[in-house]
Amino acid sequence: MTAKAASETQQEKRIHPVVTKTYAPRVVVYTLVPFMMLAVMPPEARPITAIAFIVNLLYPHIAYYISRRSTDSRVMGFRFLYFDGFLVGIDMGLVAYRLLPASVFLLLSVATLIVMGGWKLFFRAIWMLPLGSLLGALVSGFDPYAPISTLATILCYAIVTGFVIVMAYSVNVTTREVIATKHELRDKNRQVLKQTEMLGSMSDFTHKVNSSPHLDEVVDAVLQGLQNIFEFDLMGIGIVDHERGALVVDREVGAAAIAPEKFEDLTVPLAEANSVFAACIAKREPMYVPEILKSSVEQMSPSDRAIYEAAPSVSTLVLPLIVQDQVIGTISFGNSKQPFDLSKGAIQTIEQYVSRLAAAIRNARLYEEAQLARAEAQKANETKSQFLANMSHELRTPMNAVIGYSEMLEEEAEDEGLTDFIPDLRKIQVAGRHLLELINGILDLSKIEANKMELFLETGDVVRMVDGVVSTVKPLVANNNNKFEVERDDSLGKMHVDRTKLRQALLNLLSNASKFTENGNIRLAVNRHVEDSGDWLTFAVSDSGIGMTEEQMTRLFQPFTQADASTTRKFGGTGLGLTISRHFCQMMGGDILVQSKPGEGSTFTIRIPAVVHENAAEEPGRQAQTADTDSQGAPTGQPVVLVIDDDAAIRDIMQKMLRKEGFDVITAAGGEEGLRLARERRPVAITLDVLMPDMDGWMVLSKLKSDEDLADIPVVMQTIVDDQKMGFALGATEYLTKPIDRSRMTRILRKFRGPDAGGKVMIIEDDRDVTRLLREQLAAEGLQVAEAANGREALELLRKERPAMILLDLLMPEMDGFELLDIIHSQQEWKDIPVVIITGKELTAEETSALNSRVSDVVHKSHLSESDVVEKIKEQLSQLTA
Amino acid sequence: MSKILLIEDNEMNRDMLSRRLQKKGFEVIVAADGERGLRMAHDDEPDLILMDISLPGKDGYACARALKASQLSHIPIIALTAHAMVGDREKTLEAGCDEYDTKPVELPRLLQKMEKLLNGAIAEPAASAGVSQSE
């Protein structure tokens, strides 16, 4: 329906169709009838004929005028239909029931009544006809067979014909209107169906879109989804670049986007006038251009025109992409061939759909950027490793000379009897060898990091290798006056491993043990056991040395760190050996595990498969099954923290550390497993590594954040990848770099634990409104609240349960705040509870100083609604738990 | 007295090792690169060749292959490489070297290997080559 037609209906609504539809037939009939009467009536009845002539001629107009003017045109319209019967009846009587005219009148009456009002009106109003006709017959009598003139006959026919034509036309118009209405209804119906269908499939697209971190896939899914419903063959995405103050065309897809290179470097300055894109961002609402005419291209803004020329479309719809109330860009749809017609409702639906996608699009973009950044970082890392490799080669060459010449000089000094020089020459050698070891360690590490370290697998006898190592290390063990025990079966059989690397790792553990133990025992136990997870060899090196705290163990496998900085000074060593040894074992699909207690010695266990396969290190969850058997244990009712890290040692450390903090810890060795556990267990917080084999941490993070159910779980990144910006952009709550900073990690995670049992905040306040306001604010922060209306009630509550903190009003009935404060401070068990004074009173200097020593903060009631009051309270609480 | 050919590009290493070997009673001739080394091997027919692997121009692998393909294939070769890596050892043995040792040279160990080869003993796989790398 056009707008014009709509406005007409609007006006006509006040006049009932019974008025409008009867006007035309009435005019035709009542204009012809008087002439017919004139022709039929005898000349002696002229005065009556004249009156009837005038009445008939004017009647339709008067009836129409009155009906239109009346307050209820419908009622008036039907009244005139009754009157029609009466008037036609009079005419019928006046013509003395002459057959032909009377039949005409009868026909007009009956037809009009039925057409206008159906049978109901017909039966109600038809009696007016005989009534009128009797009145007319009073004047003209009854003479049905009286002859009528030819002119009268012709006029009779004319009246019937005219009436029928008008009526038929009217019926036709009505029918057409009915059909049009029907079509309109059907269209509307279709539109509703379409949108229902769209809404239905929307969740489907949204899922598809959210589950993909790749922008191309996201974009394709969006376009495909919408293409099913709307005639779009072009879709564009622009991203706001705040630094440039412009919208940058990111990509254009669809059947009509045939020349993507044309979109490169296309930008729309945000301040550009007349730009549909700029307007869309400024107004934050969809801009719909139903038809872009060739002539209107001239008037486009320069940027819009450039975009249009890159891919001309005849209709376009531009919508803003809004994430967290920020316009991050635009998404535009177009059709290159025919204009599309979108109803307001359809645009709303698309808008709604797009709003759900905005976050996914942003995440996918960030992910893409992250991938790029990662690739670059990796390249940089490889370059670094290459540099290190080259450099250590360059460093090693002069070292050879230093060591070699000092050895030579030592030999010569011996030969020539210059014994004074020998100790110093030995010192040069020792220092030289230490330096060389460091250099070699760095080279090893850089090879490991650059993934250039290769395994050389060969089959050999376990016992032979062990015996070889034992004989090498024996003098070393004896150095510190240690006893050496070796426990090994003769039937350990063959192994297929990188023997050099295994030997190096074992030697490293044994030499460390000898270094850190004096006058003690060192024990090597070699075992082989077949488990479900395979055929394993273990080499356990135990000592009765100084041992380590857990804190020290966490740092153990970090390059360049020994358990304690002072140990380096005391015992020497590079701190690289253990890291490298562990990498070697991990490359072979095994690991090195540590058990230790300060003062009680340590046990380092090498655990490797007896038969190592190539790419062993890439096997997923390689030793997760063994190291973490109790990690998914029964819930203890404590808040759960999920640790996602591919490094078993980190998982182990985190587990121990967080359990001490009162968390229930679940661990996952990879992204997929982590996501599954997050869904199943709904942890209060997640710690997440970035570099993992199956799915990297960025991807895990963006999946977590795009899952409605999981998006609220705080994620703490814990990684060697130093890219805070990326982490925060993808929605991480905190970003920590490895090695684990124990105190920071626990401090952060404590925040997510929620209040301890009995960690309530007690509000002591007689004003209920203030209590309610505080309670709501505290509850919103997840804090538990206890309430007391005066000092006495507060004391009762205090005796039952010690709150973590007290919010205290000063002026209260029964026992006021000052009094209560005195009591609280006199009690040993309560005096540590921090008290925040909430007061409406202006405190005197004297009161302030009296309070200052005993309360942690004073807040005036007029500041209560400000959120920093709650922040202050939270801060106090967290200091308390810290 | 055994004649040893030392092929080593680094002057200090060359000087140091040749002097130490001379002190141990060997006759040592030196070459600073592969080409010269090969020429001297042909001219002087040493009893044993000590050869650095990373040489300018023709590297140690190529020299070893050339020597083992010539009529001098009976002369034992000990390869000296900078840092003991698994692949290096394999590559030197593949190229035809009879033994392998790492730099910096631990003289007693090297002497042991040299004696073995000079006395015609069959080369044992250089199993203990990596041992000294640990802490």
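Okay, one definition before anything else: a residue is called buried when its relative accessible area is under 20%, exposed when that figure is over 50%, and partly exposed in between. By that rule A:Asp664 is buried, because its relative accessibility is 5%. Keep in mind that what we're looking at is a predicted model.

Let me stay with A:Asp664 for a moment. This residue makes a salt bridge with A:Arg681, with 4.0 Å between the closest N and O atoms. A:Asp664 belongs to strand 15 of chain A and A:Arg681 to helix 20, so the pair ties together parts that are 17 residues apart in sequence. Is A:Arg681 buried or partly exposed? Its relative accessibility is 24%, so A:Arg681 counts as partly exposed.

Now for another salt bridge in chain A. A:Asp84 pairs with A:Arg26, and here the closest N and O atoms sit 2.7 Å apart. That one links distant parts of the chain: A:Asp84 is in helix 4, A:Arg26 is in helix 2, and 58 residues separate them. As for cover, A:Asp84 is buried because its relative accessible area is 7%, and A:Arg26 is buried too, at 8%.

Then there's A:Arg528 with A:Asp535, a salt bridge at 2.9 Å, N to O. A:Arg528 has 29% relative accessibility, so it's partly exposed. A:Asp535, at 26%, is also partly exposed.

Over all chains, the structure holds 27 salt bridges. If you want one that brings in both chains, look at the network of salt bridges linking A:Glu407, A:Glu411, A:Arg433 and B:Arg20.

Okay, stepping back to chain A as a whole. How many helices and strands are there in chain A? There are 28 helices and 23 strands. Of the 882 residues in chain A, 48% are buried. Take the contacts in chain A between residues at least 6 apart in sequence: 69% of them join residues at least 24 apart. The chain exposes about 43900 Å², and carbon and sulfur atoms supply 54% of that.

On the outside, there's a nonpolar surface patch of about 480 Å², built from A:Ile54, A:Leu58, A:Ile62, A:Tyr65 and A:Ile66. If you're hunting for A:Tyr65 on the screen, go to helix 3 of chain A, residues 46-69.

For a residue tucked under cover, try A:Leu425, in helix 12 of chain A. A:Leu425 counts as buried because its relative accessibility is 11%. Which residues does A:Leu425 touch, not counting those up to four places away in sequence? They are A:Ser406, A:Leu409, A:Glu410 and A:Ala413. From A:Leu425 to A:Met408 you go 17 residues in sequence, and 9.5 Å in space, C-alpha to C-alpha.

Last stop, chain B. Five strands make an open sheet there, in the order 2-1-3-4-5, with parallel pairing. Strands 2 and 5 of chain B are at the edges with a single partner strand each, so one side of each has no neighbour in the sheet. On average, neighbouring strands are turned by 20 degrees against each other, ignoring direction.

Zoom in on that strand 5 edge: strand 4 of chain B runs parallel to strand 5, and four bridges join them. B:Leu80, for one, has B:Asp101 in strand 5 as its bridge partner. Finally, helix 3 of chain B lies across strands 3 and 4 of chain B, running at about 155 degrees to strand 3.

Key:
Residues are numbered from 1 along each chain as its sequence is written. Chains are lettered from A and ligands numbered from 1 in the order in which they are written. This is a predicted model: local features need pLDDT of at least 70, side-chain atom pairs count only at pLDDT 80 or more; totals for chains, interfaces and linings use all residues. Side-chain values use heavy atoms; hydrogens and water are left out. Patches are made of residues with over 30% relative accessible area and no salt bridge: like charges are joined within 9 Å, nonpolar side chains (Val, Leu, Ile, Met, Phe, Trp, Tyr) within 5 Å. Accessible areas come from the Shrake-Rupley method with a 1.4 Å probe; for residues, only the protein chains shown count as cover. A salt bridge is a side-chain nitrogen of Lys or Arg within 4 Å of a carboxyl oxygen of Asp or Glu. Helices (H or I, at least four residues) and strands (E, at least two) are DSSP runs, numbered from the N terminus. Two strands pair if DSSP finds at least two bridges between them. Axes are lines fitted to C-alpha atoms, for helices over the stretch in contact, and angles run from 0 to 180 degrees between N-to-C directions. Contact means heavy atoms within 4.5 Å. Buried means under 20% relative accessible area, exposed over 50%, partly exposed in between (1.4 Å probe, protein chains only).
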